[in-house]
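This report walks through selected local features of one protein model, beginning with its disulfides and then moving to helices, pockets and backbone geometry.

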Amino acid sequence: MKETNSSVPSSEIAEEKVIRQYREADSISCKGRHVYIQKLPRQFNEDMLRHCESLNNWTNMCDSLSNFGLGPQLPKSNKVLGNTGWYATDQFSLEVIFHNRMRRYKCLTDDSSVASAIFVPYYAGLDVARYLWDSNRTLRDVGPSDLVRWLRRRQEWKVMGGRDHFLVAGRIVWDFRRENDRPPNWGNNLVLLPESMNMTILVLESSLIDRGNDFAIPYPTYFHPSKDVEVRQWQSRMRRQKRRYLFSFAGAPRKDLYNSIRDKIISQCRASRRKCKLLECDSRGHRCHKPIFLMKLFQSSVFCLQPPGDSYTRRSAFDSMLAGCIPVFFHSGSAYDQYKWHLPGDHSKYSVFIPENHVKYGKVVLERRLLQIPKKDVLAMREEVIRLIPAILYADPTSELENYEDAFDLSVKGVLERVQRIREETLG
């Protein structure tokens, strides 16, 4: 796939053309699965991408949002990456990827009255990122306020009061959940607006509030296959992969976070010498920002440590699983309580759990704990991780996998099932 400057979704006319292309989809297979894309004013998506150079205070996001949100194509590397489908994907580009995938969703409809759900293509994460470090709270809240004001005037909104609407906010929920104006005064108020609380909001990390309306979906990885065979070949390769290290960690200390166990993790990794490989991501850790070094580390490891960082979840968990590495979690909020549409309910099938207090208070030696796991259990967990690879990646938006449900498919399925339950409860 040639690199293009395709970060900007097509105009309304082009989007309607795509919809018409799929209107003849089998009515039986699409029963209960039709989605209508709300045609938002450009200020909520296209205009942000047209001015991509101003989306981040520290870096130009234009390259990161090219190729339909996948970012620059990575050079071929037979030793680490596959030949096709690999991109330098930014972890905060999911809104653009998801929108472009949705535009090719086979059960699209241009008739909102037959839709099971309404997709709202608002780039909430790109919007808030422009102002996260700005002290002006009003500026951070303008986008969400304008959006809900526009939505509630629409006929589509009035059908269910927005309960059949959903959007993707491609950051952790805490960037959209400012509950008051007291310090730390972080983020905007998107998910707390009355209208937003009626919608289903997909985020990279949810609030874990019981009966909340925010749901976690996987971070984007670097792999975006366009064909089933690319997935199968990658899975086969990860099964054959030789793994010289028992465990590894890629990350930096969090000295400013009182309860962080990262210092303990790093100390234990260093103490294990040949059993553990450490990729330090401090100010000198430029390799941590290069996909080839991260994927090489994860592919060479049996277990990959995933302690919380600034928040419970990490993109690294998905990158490591993509490499066939068994994740080791230290908090249930890092995966088990989050990605329920994408990961098995029995977390022991694909991961190891070590309570973070056991690490914090020196109750566990990681090397010894991991060596105690029977080899047959390790092999079974690795096979389950490799089996899960399709469910945690987002396929190339310009194509569609035939026999696999990827993270996009499972997310849409989860939304449709939730909206259907709400509809049934409303109707009594």
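The disulfide that joins Cys 269 and Cys 276 is left-handed, with a torsion of -95° about its S-S bond, and the two sulfur atoms lie 2.0 Å apart. The model in which this link appears is a predicted one. Both partners of the bond are buried: Cys 269 has a relative accessibility of 2%, and Cys 276 has a relative accessible area of 6%.

The link between Cys 281 and Cys 288 is likewise left-handed, here with -85° about the S-S bond, and its sulfur atoms are 1.9 Å apart. In this pair the two ends fall into separate classes of exposure, because Cys 281, at a relative accessible area of 24%, is partly exposed, whereas Cys 288, at 9%, is buried.

A further disulfide joins Cys 304 to Cys 325, with 2.1 Å between the sulfur atoms. The torsion about its S-S bond is about 110°, and the disulfide is therefore right-handed. This pair connects distant parts of the chain, since Cys 304 belongs to strand S8 (residues 301–306) while Cys 325 sits in the loop between H10 and strand S9 (326–329), 21 residues apart. Cys 304 is buried with a relative accessible area of 0%, and Cys 325 also counts as buried, at 0% relative accessibility.

The count of disulfides comes to five, and the table sets out the three described above.

| Disulfide | Sulfur–sulfur distance | Torsion about the S-S bond |
|---|---|---|
| Cys 269 and Cys 276 | 2.0 Å | -95° |
| Cys 281 and Cys 288 | 1.9 Å | -85° |
| Cys 304 and Cys 325 | 2.1 Å | about 110° |

When the bonded cysteines of the chain are numbered in sequence order, the pairing reads 1-4, 2-3, 5-6, 7-8, 9-10.

Backbone geometry comes next. Arg 273 lies in the loop between helix H8 (262–271) and strand S7 (276–280), and it has a positive phi of about 50° although it is not a glycine. Arg 273 counts as exposed, at 71% relative accessibility. Phe 68, placed in the loop between helix H2 (46–50) and helix H3 (94–102), is another residue other than glycine with a positive phi, in this case near 60°. As background to these two cases, most residues other than glycine have a negative phi.

Turning to the helices, H7 (residues 228–240) has 13 residues and reaches 19 Å from its first C-alpha to its last, a span close to the 18 Å expected at 1.5 Å a residue. The buried residues of H7 are Asp 228, Glu 230, Val 231, Trp 234, Gln 235, Arg 237 and Met 238. An α-helix has 3.6 residues a turn, so residues three or four places apart point the same way. The cover over the buried residues of H7 includes helix H9 (291–299), helix H10 (315–322) and helix H13 (375–388).

Helix H9 contains Pro 291, which counts as buried at 10% relative accessibility. Once its neighbours within four places in sequence are set aside, Pro 291 is in contact with Leu 74, Ala 88 and Tyr 222. Pro 291 and Thr 221 are 70 residues apart in sequence, yet their C-alpha atoms are 9.5 Å apart in space.

Helices H9 and H10 also take part in the largest pocket, each supplying at least two residues of its lining, as do helix H4 (124–129), strand S3 (165–172) and strand S6 (245–251). The volume of this largest pocket is about 1,700 Å³. Its lining comprises 44 residues, with Gln 91, Phe 92, Arg 254, His 289 and Asp 310 lying nearest the centre. By class, the lining of the largest pocket divides into 21 nonpolar, 13 polar and ten charged residues.

The second largest pocket holds about 830 Å³ of space. Strand S5 (214–216) and helix H14 (407–427) are the elements that give two or more residues to its lining, and H14 provides the largest share, four residues. Of the 26 residues that line the second largest pocket, Arg 211, Gly 212, Asn 213, Phe 215 and Arg 418 lie nearest its centre. This lining has ten nonpolar, six polar and ten charged residues.

Conventions: Residues numbered from 1 in each chain as written. Predicted model: local features only at pLDDT ≥ 70, side-chain atom pairs only at ≥ 80, totals over all residues. Heavy atoms only, no water. Expected span 1.5 Å × (residues − 1). Buried < 20%, exposed > 50% of the residue type's maximum accessible area, 1.4 Å probe, protein only. Contact = heavy atoms within 4.5 Å. 1 Å grid on protein atoms, 1.4 Å probe; cavity = no way out; pocket = protein on both sides within 12 Å on 5 of 7 lines; lining within 4 Å. Points joined across faces, edges and corners; volume = space filled by probe spheres on them. Nonpolar A, V, L, I, M, F, W, Y, C, P; charged D, E, K, R; others polar. Disulfide = S-S within 2.5 Å.
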